[in-house]
Amino acid sequence: KPLFSKELRYASLLVWLLQIIPSLGNLFIAQRIVAVVTFAAEGKVQQVWASGFAVLGIALALKIYQECMGIYSGNKSAEAKQGCRQKMYKRLLQQPLDKLYVLRQGAAVERLTSDFESVTQLHLTIRPALAASLLTAIGYFAYLSVQNLWIALILLGIASLQFFPPILVKKFMQENYEECREIEERITNQIVEGYRGFLLIRLYDLKNWWLNQMRKLHKQYIKIGGRSIYTFSAETMMETLLSQILQYGTYGILGVLVLYRAASMESGVLAVALCSSFYAAVQGIYSMIPQISVARAAEKRILQWDAEPSTENRQQGNEIEIQHVTYAVQGHTVLRNASAHINSAGITWIKGENGAGKSTLIRLLLGFLKADKGRIQILDDSIFYVPQEDLSFTLQAESLYQMLIPERAKEALQLAKQFGL
(Lines give C-alpha, C1' and ligand atoms only; values in the text may rest on other atoms or scores of the structure.)
Protein backbone atom coordinates (compact mmCIF):
# COMPACT_ATOMS: atom_id res chain seq x y z
CA LYS A 1 0.00 0.00 0.00
CA PRO A 2 1.45 3.41 -0.96
CA LEU A 3 2.80 5.43 1.93
CA PHE A 4 0.45 8.16 3.30
CA SER A 5 -2.26 7.36 0.70
CA LYS A 6 -5.05 7.21 3.30
CA GLU A 7 -4.02 10.37 5.15
CA LEU A 8 -3.73 12.45 1.96
CA ARG A 9 -6.74 11.05 0.08
CA TYR A 10 -9.16 13.94 0.75
CA ALA A 11 -6.55 16.64 0.10
CA SER A 12 -5.58 14.84 -3.12
CA LEU A 13 -9.21 14.85 -4.25
CA LEU A 14 -9.44 18.61 -3.64
CA VAL A 15 -6.30 19.24 -5.70
CA TRP A 16 -7.74 17.11 -8.51
CA LEU A 17 -11.00 19.10 -8.45
CA LEU A 18 -8.97 22.31 -8.54
CA GLN A 19 -7.43 21.20 -11.83
CA ILE A 20 -10.25 19.31 -13.56
CA ILE A 21 -12.99 21.96 -13.30
CA PRO A 22 -11.01 24.58 -15.30
CA SER A 23 -10.38 21.94 -17.97
CA LEU A 24 -14.12 21.44 -18.34
CA GLY A 25 -14.62 25.20 -18.39
CA ASN A 26 -12.19 25.50 -21.29
CA LEU A 27 -14.57 23.39 -23.39
CA PHE A 28 -17.35 25.94 -22.90
CA ILE A 29 -14.93 28.78 -23.65
CA ALA A 30 -13.85 27.03 -26.88
CA GLN A 31 -17.48 26.64 -27.92
CA ARG A 32 -18.14 30.34 -27.33
CA ILE A 33 -15.02 31.29 -29.31
CA VAL A 34 -16.29 29.26 -32.25
CA ALA A 35 -19.63 31.07 -31.92
CA VAL A 36 -17.87 34.46 -31.90
CA VAL A 37 -15.99 33.63 -35.12
CA THR A 38 -19.12 32.26 -36.80
CA PHE A 39 -21.27 35.26 -35.85
CA ALA A 40 -18.54 37.66 -36.88
CA ALA A 41 -18.31 36.01 -40.31
CA GLU A 42 -22.08 36.34 -40.67
CA GLY A 43 -22.07 39.96 -39.49
CA LYS A 44 -24.21 39.34 -36.39
CA VAL A 45 -22.84 42.01 -34.07
CA GLN A 46 -25.20 41.48 -31.14
CA GLN A 47 -24.49 37.74 -31.04
CA VAL A 48 -20.76 38.48 -31.18
CA TRP A 49 -21.04 40.75 -28.14
CA ALA A 50 -23.20 38.22 -26.28
CA SER A 51 -20.77 35.35 -26.96
CA GLY A 52 -17.81 37.54 -26.05
CA PHE A 53 -19.33 38.47 -22.70
CA ALA A 54 -20.13 34.78 -22.12
CA VAL A 55 -16.44 33.95 -22.62
CA LEU A 56 -15.42 36.66 -20.15
CA GLY A 57 -18.04 35.48 -17.64
CA ILE A 58 -16.89 31.87 -17.80
CA ALA A 59 -13.24 32.91 -17.51
CA LEU A 60 -14.00 35.12 -14.50
CA ALA A 61 -16.00 32.36 -12.79
CA LEU A 62 -13.15 29.90 -13.32
CA LYS A 63 -10.65 32.40 -11.89
CA ILE A 64 -12.77 32.93 -8.77
CA TYR A 65 -13.19 29.17 -8.39
CA GLN A 66 -9.45 28.58 -8.70
CA GLU A 67 -8.64 31.23 -6.09
CA CYS A 68 -11.19 30.00 -3.54
CA MET A 69 -10.56 26.32 -4.14
CA GLY A 70 -6.81 26.91 -4.11
CA ILE A 71 -6.98 28.45 -0.63
CA TYR A 72 -9.21 25.67 0.73
CA SER A 73 -7.23 22.82 -0.81
CA GLY A 74 -3.97 24.43 0.31
CA ASN A 75 -5.16 24.54 3.92
CA LYS A 76 -6.36 20.92 3.83
CA SER A 77 -3.12 19.81 2.19
CA ALA A 78 -1.08 21.52 4.91
CA GLU A 79 -3.18 19.86 7.65
CA ALA A 80 -2.85 16.45 6.00
CA LYS A 81 0.92 16.87 5.58
CA GLN A 82 1.27 17.75 9.24
CA GLY A 83 -0.56 14.55 10.16
CA CYS A 84 1.75 12.57 7.90
CA ARG A 85 4.76 14.28 9.46
CA GLN A 86 3.57 13.18 12.91
CA LYS A 87 3.20 9.65 11.59
CA MET A 88 6.70 9.88 10.15
CA TYR A 89 8.15 10.89 13.52
CA LYS A 90 6.27 8.03 15.16
CA ARG A 91 7.64 5.65 12.54
CA LEU A 92 11.15 6.80 13.39
CA LEU A 93 10.69 6.53 17.16
CA GLN A 94 9.18 3.04 16.83
CA GLN A 95 12.41 1.73 15.37
CA PRO A 96 14.21 -0.93 17.39
CA LEU A 97 16.91 0.57 19.60
CA ASP A 98 19.59 -1.36 17.73
CA LYS A 99 18.60 0.46 14.52
CA LEU A 100 18.25 3.87 16.18
CA TYR A 101 21.66 3.42 17.76
CA VAL A 102 23.42 3.07 14.39
CA LEU A 103 21.19 5.56 12.55
CA ARG A 104 23.23 8.48 11.23
CA GLN A 105 21.87 12.00 11.55
CA GLY A 106 22.24 12.60 7.83
CA ALA A 107 20.03 9.63 6.95
CA ALA A 108 17.36 10.72 9.43
CA VAL A 109 17.39 14.33 8.18
CA GLU A 110 17.09 13.35 4.52
CA ARG A 111 14.21 10.95 5.14
CA LEU A 112 12.36 13.43 7.34
CA THR A 113 12.78 16.29 4.86
CA SER A 114 13.55 15.60 1.19
CA ASP A 115 12.15 12.07 1.02
CA PHE A 116 9.07 13.08 2.99
CA GLU A 117 8.42 16.02 0.66
CA SER A 118 8.82 13.83 -2.43
CA VAL A 119 6.38 11.20 -1.14
CA THR A 120 3.73 13.72 -0.06
CA GLN A 121 4.05 15.53 -3.39
CA LEU A 122 3.30 12.22 -5.09
CA HIS A 123 -0.18 12.30 -3.53
CA LEU A 124 -0.79 16.06 -3.38
CA THR A 125 0.60 17.10 -6.76
CA ILE A 126 1.72 14.32 -9.08
CA ARG A 127 -1.22 11.92 -8.88
CA PRO A 128 -3.96 14.58 -8.98
CA ALA A 129 -2.21 16.26 -11.91
CA LEU A 130 -1.82 12.92 -13.69
CA ALA A 131 -5.50 12.02 -13.18
CA ALA A 132 -6.68 15.48 -14.28
CA SER A 133 -4.41 15.49 -17.34
CA LEU A 134 -5.52 12.00 -18.34
CA LEU A 135 -9.23 12.80 -18.02
CA THR A 136 -8.75 16.13 -19.83
CA ALA A 137 -6.88 14.53 -22.72
CA ILE A 138 -9.49 11.79 -23.12
CA GLY A 139 -12.37 14.27 -22.89
CA TYR A 140 -10.87 16.72 -25.39
CA PHE A 141 -10.02 13.93 -27.83
CA ALA A 142 -13.56 12.52 -27.61
CA TYR A 143 -15.07 15.98 -28.10
CA LEU A 144 -12.82 16.75 -31.09
CA SER A 145 -13.57 13.33 -32.58
CA VAL A 146 -17.27 14.14 -32.64
CA GLN A 147 -16.53 17.35 -34.53
CA ASN A 148 -13.90 15.93 -36.91
CA LEU A 149 -12.18 12.58 -36.43
CA TRP A 150 -9.22 13.45 -38.69
CA ILE A 151 -8.41 16.59 -36.71
CA ALA A 152 -8.62 14.63 -33.43
CA LEU A 153 -6.25 11.94 -34.73
CA ILE A 154 -3.79 14.52 -36.11
CA LEU A 155 -3.69 16.40 -32.79
CA LEU A 156 -3.24 13.13 -30.90
CA GLY A 157 -0.34 12.14 -33.16
CA ILE A 158 1.33 15.52 -32.75
CA ALA A 159 0.83 15.46 -28.97
CA SER A 160 2.43 12.00 -28.77
CA LEU A 161 5.77 13.54 -29.76
CA GLN A 162 5.95 15.00 -26.25
CA PHE A 163 6.55 11.48 -24.97
CA PHE A 164 10.30 11.55 -25.69
CA PRO A 165 11.76 14.26 -23.37
CA PRO A 166 10.43 12.76 -20.08
CA ILE A 167 11.40 9.23 -21.08
CA LEU A 168 14.93 10.32 -21.99
CA VAL A 169 15.53 11.99 -18.60
CA LYS A 170 13.60 9.57 -16.35
CA LYS A 171 16.57 7.36 -15.49
CA PHE A 172 18.91 10.31 -14.94
CA MET A 173 16.46 12.13 -12.64
CA GLN A 174 16.02 9.07 -10.42
CA GLU A 175 19.77 8.44 -10.22
CA ASN A 176 20.51 12.10 -9.52
CA TYR A 177 17.90 12.21 -6.76
CA GLU A 178 19.34 9.19 -4.96
CA GLU A 179 22.92 10.46 -5.35
CA CYS A 180 21.95 13.92 -4.03
CA ARG A 181 20.28 12.43 -0.99
CA GLU A 182 23.31 10.24 -0.24
CA ILE A 183 25.86 13.06 -0.52
CA GLU A 184 23.67 15.36 1.59
CA GLU A 185 23.52 12.63 4.24
CA ARG A 186 27.32 12.47 4.28
CA ILE A 187 27.67 16.27 4.51
CA THR A 188 25.21 16.39 7.42
CA ASN A 189 27.06 13.59 9.20
CA GLN A 190 30.38 15.37 8.71
CA ILE A 191 29.01 18.62 10.17
CA VAL A 192 27.44 16.85 13.18
CA GLU A 193 30.63 14.88 13.85
CA GLY A 194 32.63 18.10 13.63
CA TYR A 195 30.33 19.71 16.18
CA ARG A 196 30.52 16.75 18.55
CA GLY A 197 34.28 16.37 18.16
CA PHE A 198 35.10 20.08 18.26
CA LEU A 199 37.31 19.80 21.34
CA LEU A 200 39.31 16.92 19.86
CA ILE A 201 39.69 18.76 16.55
CA ARG A 202 41.03 21.79 18.37
CA LEU A 203 43.16 19.81 20.82
CA TYR A 204 44.98 17.83 18.10
CA ASP A 205 44.94 20.66 15.52
CA LEU A 206 42.72 18.72 13.08
CA LYS A 207 41.03 21.80 11.62
CA ASN A 208 42.66 21.49 8.20
CA TRP A 209 41.95 17.75 8.06
CA TRP A 210 38.26 18.31 8.83
CA LEU A 211 37.98 21.16 6.31
CA ASN A 212 39.62 19.00 3.63
CA GLN A 213 37.02 16.33 4.26
CA MET A 214 34.28 18.94 3.82
CA ARG A 215 35.87 20.21 0.60
CA LYS A 216 35.93 16.70 -0.85
CA LEU A 217 32.27 16.21 -0.02
CA HIS A 218 31.31 19.59 -1.49
CA LYS A 219 33.21 18.82 -4.69
CA GLN A 220 31.21 15.62 -5.06
CA TYR A 221 28.00 17.53 -4.26
CA ILE A 222 28.76 20.16 -6.91
CA LYS A 223 29.44 17.44 -9.46
CA ILE A 224 26.20 15.60 -8.68
CA GLY A 225 24.22 18.84 -8.47
CA GLY A 226 25.62 19.91 -11.83
CA ARG A 227 24.34 16.73 -13.44
CA SER A 228 20.92 17.37 -11.91
CA ILE A 229 20.86 20.91 -13.28
CA TYR A 230 21.95 19.77 -16.74
CA THR A 231 19.30 17.05 -16.77
CA PHE A 232 16.54 19.44 -15.76
CA SER A 233 17.74 22.11 -18.20
CA ALA A 234 17.88 19.60 -21.05
CA GLU A 235 14.33 18.45 -20.37
CA THR A 236 13.05 22.04 -20.15
CA MET A 237 14.81 23.01 -23.37
CA MET A 238 13.45 20.00 -25.26
CA GLU A 239 9.93 20.62 -23.98
CA THR A 240 10.01 24.34 -24.84
CA LEU A 241 11.36 23.73 -28.34
CA LEU A 242 8.91 20.92 -28.99
CA SER A 243 6.02 23.02 -27.66
CA GLN A 244 6.79 25.86 -30.09
CA ILE A 245 7.09 23.47 -33.02
CA LEU A 246 3.85 21.71 -32.12
CA GLN A 247 1.88 24.89 -31.59
CA TYR A 248 2.79 26.66 -34.82
CA GLY A 249 2.94 23.43 -36.80
CA THR A 250 -0.61 22.67 -35.67
CA TYR A 251 -1.85 26.06 -36.88
CA GLY A 252 -0.34 25.39 -40.29
CA ILE A 253 -1.82 21.90 -40.56
CA LEU A 254 -5.27 23.06 -39.49
CA GLY A 255 -5.09 25.93 -41.97
CA VAL A 256 -4.34 23.51 -44.81
CA LEU A 257 -7.22 21.23 -43.78
CA VAL A 258 -9.66 24.14 -43.75
CA LEU A 259 -8.28 25.54 -47.02
CA TYR A 260 -8.78 22.25 -48.89
CA ARG A 261 -12.16 21.73 -47.19
CA ALA A 262 -11.03 18.61 -45.35
CA ALA A 263 -12.41 20.30 -42.24
CA SER A 264 -15.00 22.98 -41.64
CA MET A 265 -14.13 26.45 -40.38
CA GLU A 266 -15.94 25.74 -37.09
CA SER A 267 -14.00 22.52 -36.40
CA GLY A 268 -10.72 24.25 -37.34
CA VAL A 269 -11.37 27.15 -34.95
CA LEU A 270 -12.41 24.71 -32.22
CA ALA A 271 -9.18 22.75 -32.68
CA VAL A 272 -7.12 25.96 -32.52
CA ALA A 273 -8.91 26.96 -29.29
CA LEU A 274 -8.36 23.55 -27.66
CA CYS A 275 -5.00 22.42 -29.05
CA SER A 276 -2.87 24.25 -26.44
CA SER A 277 -4.88 22.79 -23.55
CA PHE A 278 -4.91 19.36 -25.19
CA TYR A 279 -1.14 19.40 -25.68
CA ALA A 280 -0.62 20.62 -22.11
CA ALA A 281 -2.75 17.74 -20.80
CA VAL A 282 -0.81 15.14 -22.80
CA GLN A 283 2.49 16.73 -21.83
CA GLY A 284 1.33 16.66 -18.20
CA ILE A 285 0.83 12.90 -18.44
CA TYR A 286 4.30 12.32 -19.85
CA SER A 287 6.05 14.74 -17.47
CA MET A 288 4.71 12.83 -14.46
CA ILE A 289 6.71 9.71 -15.45
CA PRO A 290 10.14 10.86 -14.13
CA GLN A 291 8.52 12.55 -11.12
CA ILE A 292 6.76 9.33 -10.15
CA SER A 293 10.08 7.52 -10.49
CA VAL A 294 11.75 9.98 -8.10
CA ALA A 295 8.86 9.75 -5.60
CA ARG A 296 9.03 5.94 -5.67
CA ALA A 297 12.74 6.08 -4.89
CA ALA A 298 12.01 8.36 -1.92
CA GLU A 299 9.22 6.07 -0.72
CA LYS A 300 11.54 3.08 -0.91
CA ARG A 301 14.10 4.89 1.26
CA ILE A 302 11.48 5.72 3.90
CA LEU A 303 10.11 2.17 3.94
CA GLN A 304 13.53 0.94 4.98
CA TRP A 305 12.39 1.98 8.45
CA ASP A 306 10.34 -0.81 9.99
CA ALA A 307 6.88 0.14 11.23
CA GLU A 308 7.07 -1.89 14.41
CA PRO A 309 9.91 -2.39 16.90
CA SER A 310 11.60 -5.76 17.12
CA THR A 311 11.53 -7.62 20.43
CA GLU A 312 13.90 -10.40 19.44
CA ASN A 313 16.21 -11.54 22.29
CA ARG A 314 14.33 -9.29 24.76
CA GLN A 315 11.62 -10.94 26.87
CA GLN A 316 9.84 -9.91 30.03
CA GLY A 317 10.73 -11.47 33.36
CA ASN A 318 11.39 -10.80 37.05
CA GLU A 319 15.15 -10.28 36.84
CA ILE A 320 17.84 -9.34 34.35
CA GLU A 321 18.98 -12.63 32.87
CA ILE A 322 21.70 -13.09 30.23
CA GLN A 323 21.71 -16.59 28.75
CA HIS A 324 24.45 -17.85 26.37
CA VAL A 325 24.79 -14.52 24.54
CA THR A 326 27.26 -14.25 21.66
CA TYR A 327 28.04 -11.04 19.80
CA ALA A 328 30.61 -10.34 17.07
CA VAL A 329 31.68 -7.23 15.13
CA GLN A 330 33.14 -7.67 11.64
CA GLY A 331 34.18 -11.21 12.37
CA HIS A 332 35.70 -10.38 15.78
CA THR A 333 33.86 -12.05 18.67
CA VAL A 334 33.39 -9.58 21.53
CA LEU A 335 31.21 -11.81 23.72
CA ARG A 336 31.08 -15.59 23.48
CA ASN A 337 28.41 -17.67 25.21
CA ALA A 338 28.12 -15.12 28.04
CA SER A 339 25.64 -15.79 30.86
CA ALA A 340 24.86 -13.77 33.97
CA HIS A 341 22.13 -13.07 36.50
CA ILE A 342 21.74 -9.46 37.69
CA ASN A 343 19.68 -8.66 40.76
CA SER A 344 17.72 -5.50 39.96
CA ALA A 345 17.40 -4.66 43.66
CA GLY A 346 21.15 -4.33 44.22
CA ILE A 347 24.19 -2.63 42.71
CA THR A 348 26.22 -4.55 40.14
CA TRP A 349 29.71 -3.46 39.12
CA ILE A 350 30.93 -4.55 35.68
CA LYS A 351 34.71 -4.34 35.33
CA GLY A 352 37.30 -5.58 32.91
CA GLU A 353 40.21 -4.59 30.71
CA ASN A 354 39.84 -2.32 27.72
CA GLY A 355 38.13 -4.20 24.92
CA ALA A 356 36.77 -6.87 27.25
CA GLY A 357 33.20 -6.09 26.15
CA LYS A 358 31.85 -3.98 29.05
CA SER A 359 30.27 -1.30 26.86
CA THR A 360 29.06 -3.91 24.40
CA LEU A 361 27.30 -5.82 27.18
CA ILE A 362 25.58 -2.64 28.39
CA ARG A 363 24.46 -1.80 24.86
CA LEU A 364 23.06 -5.31 24.49
CA LEU A 365 21.11 -4.87 27.73
CA LEU A 366 19.77 -1.53 26.52
CA GLY A 367 18.77 -2.99 23.17
CA PHE A 368 21.19 -0.75 21.24
CA LEU A 369 22.72 -3.93 19.82
CA LYS A 370 21.20 -7.30 18.94
CA ALA A 371 22.88 -10.48 20.09
CA ASP A 372 23.89 -12.94 17.38
CA LYS A 373 22.94 -15.84 19.65
CA GLY A 374 21.38 -16.28 23.07
CA ARG A 375 18.62 -14.51 25.00
CA ILE A 376 18.32 -11.46 27.23
CA GLN A 377 15.40 -11.37 29.66
CA ILE A 378 14.79 -7.99 31.25
CA LEU A 379 12.24 -6.14 33.41
CA ASP A 380 10.22 -3.17 32.11
CA ASP A 381 11.87 0.19 32.96
CA SER A 382 14.61 -1.60 34.91
CA ILE A 383 17.53 0.19 33.21
CA PHE A 384 18.32 3.89 33.43
CA TYR A 385 21.30 4.74 31.25
CA VAL A 386 23.71 7.67 31.65
CA PRO A 387 25.86 7.80 28.48
CA GLN A 388 29.60 8.41 28.59
CA GLU A 389 29.31 11.17 25.99
CA ASP A 390 28.51 14.68 27.19
CA LEU A 391 24.99 15.88 26.51
CA SER A 392 24.52 18.51 23.82
CA PHE A 393 22.53 20.72 26.20
CA THR A 394 23.02 22.13 29.66
CA LEU A 395 20.94 20.32 32.24
CA GLN A 396 21.56 19.67 35.92
CA ALA A 397 21.51 16.04 37.02
CA GLU A 398 18.83 16.73 39.63
CA SER A 399 16.55 18.30 36.98
CA LEU A 400 17.16 15.37 34.64
CA TYR A 401 16.19 12.81 37.29
CA GLN A 402 13.12 14.83 38.29
CA MET A 403 11.92 14.72 34.68
CA LEU A 404 12.56 11.02 34.09
CA ILE A 405 12.05 9.31 37.46
CA PRO A 406 10.47 11.86 39.83
CA GLU A 407 9.54 9.25 42.44
CA ARG A 408 13.17 8.03 42.73
CA ALA A 409 15.02 11.25 41.87
CA LYS A 410 16.76 11.59 45.26
CA GLU A 411 17.89 7.96 45.24
CA ALA A 412 19.23 8.34 41.68
CA LEU A 413 21.10 11.51 42.64
CA GLN A 414 22.76 9.77 45.61
CA LEU A 415 23.84 6.86 43.38
CA ALA A 416 25.20 9.32 40.81
CA LYS A 417 27.26 11.05 43.50
CA GLN A 418 28.48 7.69 44.78
CA PHE A 419 29.84 6.80 41.33
CA GLY A 420 31.13 10.30 40.64
CA LEU A 421 28.58 11.04 37.94
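These legends accompany four close-up views of a predicted model.

**View 1. The largest nonpolar core and the helices that build it.** Here we look at the largest nonpolar core, which has 27 residues. Ile151, Leu155, Leu274, Phe278 and Tyr279 are the residues with the most contacts inside this core. Two or more residues each are given to the core by helix H1 (9-42), H4, H5, H8 and helix H9 (265-302). H9 supplies the largest share, with 11 residues. To follow the packing around one residue, find Leu155: leaving out residues up to four places away in sequence, Leu155 touches Leu144, Thr250, Ala271, Cys275, Phe278 and Tyr279. Apart from the largest core lies another core, of 18 residues, and among them are Leu3, Phe4, Met88 and Val294.

**View 2. Asn148, in the loop between two helices.** Asn148 sits in the loop that joins helix H4 (105-147) to helix H5 (149-159). Is Asn148 buried or exposed? With a relative accessible area of 13%, Asn148 falls under the 20% cut-off, so this loop residue counts as buried. Which residues does Asn148 contact, once its neighbours within four places in sequence are left aside? They are Ala262, Ala263 and Ser267.

**View 3. The largest cavity and its lining.** The model has one cavity of 30 Å³ or more. About 40 Å³ of space lies in the largest cavity. Look for Gln162, Glu239, Leu242, Ser243, Leu246 and Gln283, which line this cavity. Helix H8 (residues 207-259) provides the largest share of the lining, namely four residues. Sorted by class, the lining has two nonpolar, three polar and one charged residues.

**View 4. Gly357, between a strand and a helix.** Our last stop is Gly357, found in the loop between strand S3 (332-342) and helix H10 (358-366). The relative accessible area of Gly357 is 10%, which is under the 20% cut-off, so Gly357 is buried too. Not counting residues up to four places away in sequence, Gly357 touches Val334 and Leu335. For a sense of distance, pick out Tyr327 as well: Gly357 and Tyr327 are 30 residues apart along the chain, and their C-alpha atoms are separated by 9.6 Å.

Definitions and conventions: Residues are numbered from 1 along each chain as its sequence is written. This is a predicted model: local features need pLDDT of at least 70, side-chain atom pairs count only at pLDDT 80 or more; totals for chains, interfaces and linings use all residues. Side-chain values use heavy atoms; hydrogens and water are left out. Buried means under 20% relative accessible area, exposed over 50%, partly exposed in between (1.4 Å probe, protein chains only). Contact means heavy atoms within 4.5 Å. On a 1 Å grid over the protein atoms alone, a cavity is a set of points where a 1.4 Å probe fits but cannot get out, and a pocket is an open set with protein on both sides within 12 Å along at least five of seven lines; lining residues have an atom within 4 Å of a point. Grid points are joined across faces, edges and corners, and a volume is the space filled by probe spheres set on the points. Ala, Val, Leu, Ile, Met, Phe, Trp, Tyr, Cys and Pro count as nonpolar, Asp, Glu, Lys and Arg as charged, and the others, Gly among them, as polar. A nonpolar core is a set of buried Ala, Val, Leu, Ile, Met, Phe, Trp, Tyr and Cys residues joined through side-chain atoms within 4.5 Å.
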